[in-house]
There are 2 protein chains.
Amino acid sequence: MSSAVDEGDLTAKANIRNAALRLFAERGHDAVTVREIAAAAGVSPALVVHHFGSKDGLRAAVDDYAGQAFDALFSMDEHELAEALTGGSLGSVAEMFARAFPHGSPLPAYLRRLLLVNDPAGAALFGRWYALTRRLLDSMTELGVARPAEDPAVRAAFLLVNDLALVLLRNQVAAAIGVDPLTPEGIARWAGEATAVYTKGAFVATPGQESS
Amino acid sequence: MSSAVDEGDLTAKANIRNAALRLFAERGHDAVTVREIAAAAGVSPALVVHHFGSKDGLRAAVDDYAGQAFDALFSMDEHELAEALTGGSLGSVAEMFARAFPHGSPLPAYLRRLLLVNDPAGAALFGRWYALTRRLLDSMTELGVARPAEDPAVRAAFLLVNDLALVLLRNQVAAAIGVDPLTPEGIARWAGEATAVYTKGAFVATPGQESS
DNA sequence: ACGACTACTGAACAAGCGTTTAGCGTATTG
DNA sequence: CAATACGCTAAACGCTTGTTCAGTAGTCGT
């Protein structure tokens, strides 16, 4: 009777939202049916509509919930990161991500969907993070921690995109290097190489090579 | 009657495949109906099934077609790249991509779908590219063009993933920096910063900072 | 005690889906 | 000149989808 995973003692509405979040993250919005979500939450399909108006309403609620979770992650770290970077190990979006979300959380996968389906929610999220990255990079340059960039707008995008790529291609990376890069061991190995490349470079400059 | 875009004088089968490729790339497999594909190709829905057996058969054919296009891109460049890197500007996957596919080609977007939907075709593609990247990086290290990595497996993944990220997040990057990074101007700006970071580094090493 | 309200369900609905079927016209083949 | 095969279509089939409807059980304020 109860094939559902009752997450603690949450309300049915919260259970539906959580089930939808996980299923949407795993398989995409279109591939998941209202009946599946209802079954995963242990309720009837009609209750889903009763609480959220429609499947699109549920989708919007999930987008909102996930967006809040992501923003909370970064707003709490704006000061923290500012000193983390002047101090010891330089943090990355991917590192923060892995640390903030416990293993098995559907949120990284949901972020992937948000950024890949070209919906406004994903675009807005990226825009906010890009602005944050630019601000951070400017501060770091002033502090002398970051080398000045010839094209700051592109450099900020370059660094942000590189970090997000790890989240987006997590599964493929895991298959390639044999470790899930969003687990503690994976983070350590990844951060090691990222730090090395970002401080010492990866290639040797060849003569007569300039950006054209 | 002919709302279709007859691409030259191709056969109806090829027209269907091309229409499906474009629609799949734009909106994802599940969000596109057989009727839409048929309408885009200017044929009846039944003909789609007649030629490809089923919608999944069409999807497999499109996957195959796109996979061949991607592999051709890289197999033709294995030698070419080997000398390109020892010589002048160091190429990137994204650069090759942008140069190989004319503006407006659906293939970059289709690659995005392949890599983000966790289907075997995308995983296989990534695996092949990862192997290629590792080989290339080893050669470059031997030649003294690349700095030796402490963790070569991770470094290869890091560099590959960073390149792919530009393709995956193309739209968001375009919105952020104001230029589509897969156009000639965009490539130039992006390559400039990428080269700078990869040769000179982006951050200044701080004392007592080591991986882990 | 009683109506009102909320959480919730089983059954059904119309619409859209992928697919099937029967058949059209036009070639190619013996 | 029949016969077979191919490219192609209109119409319909069965199924699944999101959603609606009518109604049940429990709770709350009066």
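A polar contact is taken here as a pair of N or O atoms within 3.5 Å, where within protein one must be able to donate a hydrogen and the other to accept it, and residues adjacent in sequence count only if both atoms are side-chain atoms. The model is predicted, so that local features need pLDDT of at least 70 and side-chain atom pairs count only at pLDDT 80 or more, whereas totals for chains, interfaces and linings use all residues. Residues are numbered from 1 along each chain as its sequence is written, and side-chain values use heavy atoms, with hydrogens and water left out.

DNA strand C is surrounded by 15 residues (near meaning that a heavy atom of the residue lies within 4 Å), and the closest include A:Ser44, A:His51 and B:Lys55. Of the atoms of DNA strand C that come within 4 Å of the protein, 56% belong to sugar and phosphate. Phosphate oxygens of this strand lie 2.8 Å from a polar backbone atom of A:Ser44, 3.0 Å from a polar side-chain atom of A:His51 and 2.7 Å from a backbone N or O atom of B:Lys55. Two or more residues each are given to the surface near DNA strand C by helix H3 (45-52) of chain A and by helices H2 (34-41) and H3 (45-52) of chain B, helices being DSSP runs of H or I with at least four residues, numbered from the N terminus. The most, three residues, comes from H3(A).

Key. Chains are lettered from A and ligands numbered from 1 in the order in which they are written.
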